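The report below describes how a protein meets two DNA strands, taking the fold of one chain afterwards. Please keep the structure in view while reading.

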Number of protein chains: 2
Amino acid sequence: MEKETAEILRKNHLSITDSRIKILELFKRKGNALAHADIEKQTHDLFDRVTIYRTLQTFAEKGIIHSIPTADNSVLYALCKDECSEGKHADNHVHFICDICETTYCLDHIMIPELQMPAGFKMKQAGLIVEGICKNCSAKK
Amino acid sequence: MEKETAEILRKNHLSITDSRIKILELFKRKGNALAHADIEKQTHDLFDRVTIYRTLQTFAEKGIIHSIPTADNSVLYALCKDECSEGKHADNHVHFICDICETTYCLDHIMIPELQMPAGFKMKQAGLIVEGICKNCSAKK
DNA sequence: AAATCTTTGCAACAAAGTTGCAAAATATAA
DNA sequence: TTATATTTTGCAACTTTGTTGCAAAGATTT
């Protein structure tokens, strides 16, 4: 388990440190997107605020995680699938935000359909944010 | 011109004040989405920072404007079409961000196509963020 | 195991957003 | 129109979020 995680870091030419291992495993354990604040809480102030910021930044640069902008002006991060790598980042997928539990999921398997743009507008990338009720919350009813 | 703007405020049961008129007209004049900072600059510090925050908040609550989350963690605001009203807000439209001039447009006329959700996920609303080159910038080449 | 390079934590700072409150502006009533 | 009630504004203080420089600690390389 820790070995696997370390392997990801090695592949991306990053030193293997405590904070990187712990934060990366947190992402793996939870399946959903995490905010900076979530990580701070979940790691019980084991690491400095600044370290978490820098770790997230590094991960995002390497394409290990990607950021998801949200309506309330906070950034979430989620693990990327294998396609994402440094430089070219595949953001063409769907994010789902649950109205009830507010969890954000990264729905990797759904692709964004083709779209007709107005004259003069050239589309390069697209990100879709869906709001609704997630599988956990609809099961609870 | 000012009359029309005042009418919008009246319809929404808001007192007619200088800041509200000026900020609302700014949105009308520019066609695109604006950040808090843009408004501060464009009104030449005529109003306090706090007033602008509160005005935007009020407008958003009344459905006069809507907020657009962006990748760099700043919130933009844009005028709503008539369908938007307090409570139920139609966010089912497309936002276009230009790679070159960084302007954000609200493409009201394009609808988001139907989408197959994974089992258990119920979709209520969707917002699509498209990135590319806008008509101004592709014309300049 | 020593030397080199990278990462971390601290402190200080900067930017963004919020809250309480008195003064000013707007709306309502007479 | 004027007086009264209500709402909004601006200020100050504060909180929250994110950034930067730098010395110490940790990881990597030889």
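For sorting residues by class, Ala, Val, Leu, Ile, Met, Phe, Trp, Tyr, Cys and Pro count as nonpolar, Asp, Glu, Lys and Arg as charged, and the others, Gly among them, as polar. On that basis, the residues of the surface near DNA strand D divide into 6 nonpolar, 7 polar and 5 charged. The model is a predicted one, and the distances given here are computed from it.

**DNA strand D**

DNA strand D is surrounded by 18 residues, of which A:Tyr53, B:Ser19, B:Arg20, B:Thr51 and B:Arg54 are the closest. Of the atoms of DNA strand D that come within 4 Å of the protein, 63% belong to sugar and phosphate. At least two residues of this surface are supplied by each of α4 of chain A, α2 (18-29) of chain B and α4 of chain B, and the element that gives the most is α4(A), with 4 residues.

**DNA strand C**

Around DNA strand C there are likewise 18 residues, and those that come nearest are A:Ser19, A:Thr51, A:Arg54, B:Ile16 and B:Tyr53. Sugar and phosphate make up 65% of the atoms of DNA strand C that come within 4 Å of the protein. The surface near DNA strand C comprises 6 nonpolar, 7 polar and 5 charged residues, and α4(B) gives the most to it, with 4 residues.

**Polar contacts with the strands**

The table lists polar contacts for both strands, with the kind of atom on each side.

| Residue and its atom | DNA atom | Distance |
|---|---|---|
| A:Ser15, polar side-chain atom | strand C, sugar or linking oxygen | 3.2 Å |
| A:Asp48, backbone N or O | strand C, phosphate oxygen | 3.3 Å |
| B:Tyr53, side-chain N or O | strand C, phosphate oxygen | 2.8 Å |
| A:Ile16, polar backbone atom | strand D, phosphate oxygen | 2.8 Å |
| B:Thr17, side-chain N or O | strand D, phosphate oxygen | 2.9 Å |
| B:Asp48, backbone N or O | strand D, phosphate oxygen | 3.2 Å |

**The fold of chain A**

Chain A contains 5 helices and 6 strands, which follow one another along the sequence in the pattern α-α-β-α-α-β-β-β-β-β-α. Its C-alpha atoms fill a box of roughly 50 × 40 × 25 Å along the principal axes, and 48% of the 141 residues of chain A count as buried. Among the contacts in chain A between residues at least 6 apart in sequence, 50% join residues at least 24 apart. The accessible surface of chain A comes to about 8,100 Å², with 50% of that area belonging to carbon and sulfur atoms.

Terms used
Residues are numbered from 1 along each chain as its sequence is written. Chains are lettered from A and ligands numbered from 1 in the order in which they are written. This is a predicted model: local features need pLDDT of at least 70, side-chain atom pairs count only at pLDDT 80 or more; totals for chains, interfaces and linings use all residues. Side-chain values use heavy atoms; hydrogens and water are left out. A residue is near a molecule or strand if one of its heavy atoms lies within 4 Å of it. A polar contact is a pair of N or O atoms within 3.5 Å; within protein, one must be able to donate a hydrogen and the other to accept it, and residues adjacent in sequence count only if both atoms are side-chain atoms. Buried means under 20% relative accessible area, exposed over 50%, partly exposed in between (1.4 Å probe, protein chains only). Contact means heavy atoms within 4.5 Å. Accessible areas come from the Shrake-Rupley method with a 1.4 Å probe; for residues, only the protein chains shown count as cover.
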